[in-house]
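Trainee: Could we go through this structure together, one question at a time? I would like to see how each answer is reached.

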Amino acid sequence: MAQEQAPPSGPDLTKGVGIGDFVDDKLLGHVGDEEVLLVRSGGDIFAVGAHCSHYHGPLAEGLVTGASVRCPWHHACFDLRTGEAERAPALSPIDCWTVEQRDGRIFVTQKRDQPKPPAMAVKPDTPNKIVIVGGGAAGFAAAEMLRRRGFGGSIVMVSNDAAPPVDRPNLSKDYLAGSAPEDWLPLRPNEFYGASKIDLQLNTEVAAIDAKQRQVRCANGASLDYDRLLLATGAEPVRLPVPAAGPHVHTLRSLADCRAIIADATGAKRALVIGASFIGLEAAAALRTRNIEVHVVAPETRPMERVLGPQLGDFIRALHEEHGVVFHLGETVTAFDGRRATLKGGSTLETDVVVVGVGVRPRLALAEQAGLAMDRGVVVDAYLRTSAADIYAAGDIARWPDPHSGAAIRVEHWVVAERQGQTAARNMLGAQERFDAVPFFWSQHYDVPINYVGHAEQWDEIAIDGSVAGKDCVLRYKSKGRVLAVASIYRDLDSLKAELAMEQGATP
Ligand SMILES: Cc1cc2nc3c(=O)[nH]c(=O)nc-3n(C[C@H](O)[C@H](O)[C@H](O)COP(=O)(O)OP(=O)(O)OC[C@H]3O[C@@H](n4cnc5c(N)ncnc54)[C@H](O)[C@@H]3O)c2cc1C
Ligand code: FES
């Protein structure tokens, strides 16, 4: 028998509500079957779709700033007037509805047509040909933004991957766990590229860049001229320097990597995860969901301590142990013999599938060959321009002057890569926009999301508000009294407020 769908929550907004019904300037209701969020901001009242277009986050629990609302889960930001996804990770707009006020009551009448995003003015130096090297977070977000801002010239996106741009974070989470189907992964359906006139060239390795001739050379012999070039080659997993690692030993970066792990994990009894990194431990959680016995071998004594500190490190270890993960800390794998791994301490582990998560290295070879200025990454200025005229860089390879930490930093975060791709796109069209977004990342372990804003490589104090063990906490990483970064578990609004405070130069 078909299950009856639960009716959407809150009042029927077509029948009218009073301003006194709002809580914290928001009111969640519905129009027919659709949940609609009313937001009061300044003198205006807006009605928008209640869910984020990224992963369906509840915007009613988000943060309203001026005429925009930020999603509590991964900090996407939407324009309340137009619904446009102003900031990644959401790329698609949310619906907007018409609001009428009569006799002191507010009525939502109908869904509005989505307005066309504003196009950027064409100037004499607007490029005709843009080439993007990389079909990942930054490359895709750039291509999408170029078309969103009305760029009418040619866009060629070259990727050595076999798959069109995918939602990479999902590869160590729901998709690997078997709880998300593969059709959730593409950032856009295949038809998008043709319809948007984005020439996506897959399985194509860019071998060299001639910055003087403004030309990209592909390994297949083809060459592409450009007026502006975006380098977004990302990072590649560090391989294990262990002899005789067989075909069941995997790294995890691409969809093909993930499919290969899933194939080996199907029917497997035991998995070995090497490295207690974010990717390693997320993979451990996903494999536990598949009911596979999971062992984690890592040289550190506490997982993730370097990034998140001892308290969250201990918490994450305990969380994984509660779910049955067995840790072998202070250990490394020194040899494989078929399916048997030998650890430094002499013990051995029989395993069906191995996931190596021992960090990544930015893919810098092309930038080096092109003669770009390098500093443990590709050096870019505040506008994401490299040292070569007309070449921009974004994502995992880019080291940019972060105005919040005051340092030139390079991070490996999905949202940062996408936002940099978007800013670089607008700048390639002449926007002169500084990249000043506060770095943000999230990580998911079982039902526990960790959100992190800011950037702290070192700190002298971690101030904890709430309970780490109770999964309800905010941790502030401070240096000389200044908050550099804020990590949180189930304190999404605090995380959004911390991001906003950092943007404003205030103490979060
Ligand atoms: C499994 C996994 C889970 C993750 N989870 C999270 C998370 O939860 N939260 C978070 O913040 N971050 C997460 N990350 C990190 C995040 O995915 C990266 O920071 C982000 O993808 C970086 O984007 P990018 O565009 O710089 O590089 P990528 O997304 O790696 O894209 C680079 C692209 O360049 C192509 N390429 C490279 N060299 C060449 C060449 N010479 N010629 C042609 N093409 C080339 C590659 O094939 C690829 O398409 C995760 C990463 C992985 C692997
Ligand atoms: S669900 Fe809204 S940003 Fe991810």
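Trainee: How many disulfides does the count come to here?

Mentor: Keep in mind that this is a predicted model. A disulfide is a covalent bond between the sulfur atoms of two cysteines. The cut-off for such a pair is 2.5 Å between the sulfur atoms, and by this rule the count is zero.

Trainee: Which cysteine has the sulfur nearest to that of Cys96, and how far away is it?

Mentor: Cys96 takes part in no disulfide. Its relative accessible area is 3%, so Cys96 is buried, as this value is under 20%. The nearest cysteine sulfur is 13 Å away and belongs to Cys77.

Trainee: And why is Cys473 without a bond to Cys71?

Mentor: Cys473 is buried, with a relative accessible area of 0%. The closest cysteine sulfur to that of Cys473 is in Cys71. The two sulfurs are too far apart for a bond, because the separation is 19 Å.

Trainee: Back to Cys96: which residue stands opposite it?

Mentor: Cys96 lies in strand β9, which covers residues 96-102. Strand β4, residues 44-49, runs antiparallel to β9, and two bridges join them. The residue opposite Cys96 is Val48.

Trainee: Which residue in the turn between β9 and β10 has a positive phi?

Mentor: β9 also pairs with β10, residues 105-111, in the antiparallel sense over five bridges. Arg102 has Arg105 in β10 as its bridge partner. Two residues separate the strands of this hairpin, and the one with a positive phi, of about 50°, is Asp103.

Trainee: What lies in the loop after β10, and is Pro115 buried or partly exposed?

Mentor: The loop between β10 and β11 holds Pro115. The C-alpha atom of Pro115 is 6.4 Å from that of Thr82, although the two are 33 residues apart along the chain. With a relative accessible area of 38%, which is between 20% and 50%, Pro115 is partly exposed.

Trainee: How many of the residues of strand β2 are buried?

Mentor: Strand β2 covers residues 26-31. The rest of the structure largely encloses β2, because the buried residues number five of the six.

Trainee: Where is the positive phi in the hairpin of β2 and β3?

Mentor: Six bridges join β2 to β3, residues 34-41, and the two strands run antiparallel. Val31 stands opposite Glu34 in β3. The hairpin has two residues between its strands, and the positive phi, about 60°, is in the turn at Gly32.

Trainee: What span should helix α8 have?

Mentor: Helix α8 has 15 residues, 414-428. Of these, 15 of 15 are buried, and just after the helix Gly430 has a positive phi of about 100°. The expected span takes 1.5 Å times one less than the number of residues. The end C-alpha atoms are 21 Å apart, which agrees with the expected 21 Å.

Trainee: Which are the edge strands of the open sheet of five strands?

Mentor: The order in this sheet is β32-β33-β36-β35-β34, with antiparallel pairing. Each edge strand pairs on one side only, and these strands are β32 (440-445) and β34 (461-467).

Trainee: Which residue in β33 stands opposite Gln444?

Mentor: β32 runs antiparallel to β33, residues 448-454, and six bridges join them. The residue in β33 opposite Gln444 is Pro449.

Note on methods: Residues numbered from 1 in each chain as written. Chains lettered and ligands numbered in written order. Predicted model: local features only at pLDDT ≥ 70, side-chain atom pairs only at ≥ 80, totals over all residues. Heavy atoms only, no water. Pairing = 2+ DSSP bridges. Helix = DSSP H or I, 4+ residues; strand = E, 2+ residues; numbered from the N terminus. Buried < 20%, exposed > 50% of the residue type's maximum accessible area, 1.4 Å probe, protein only.
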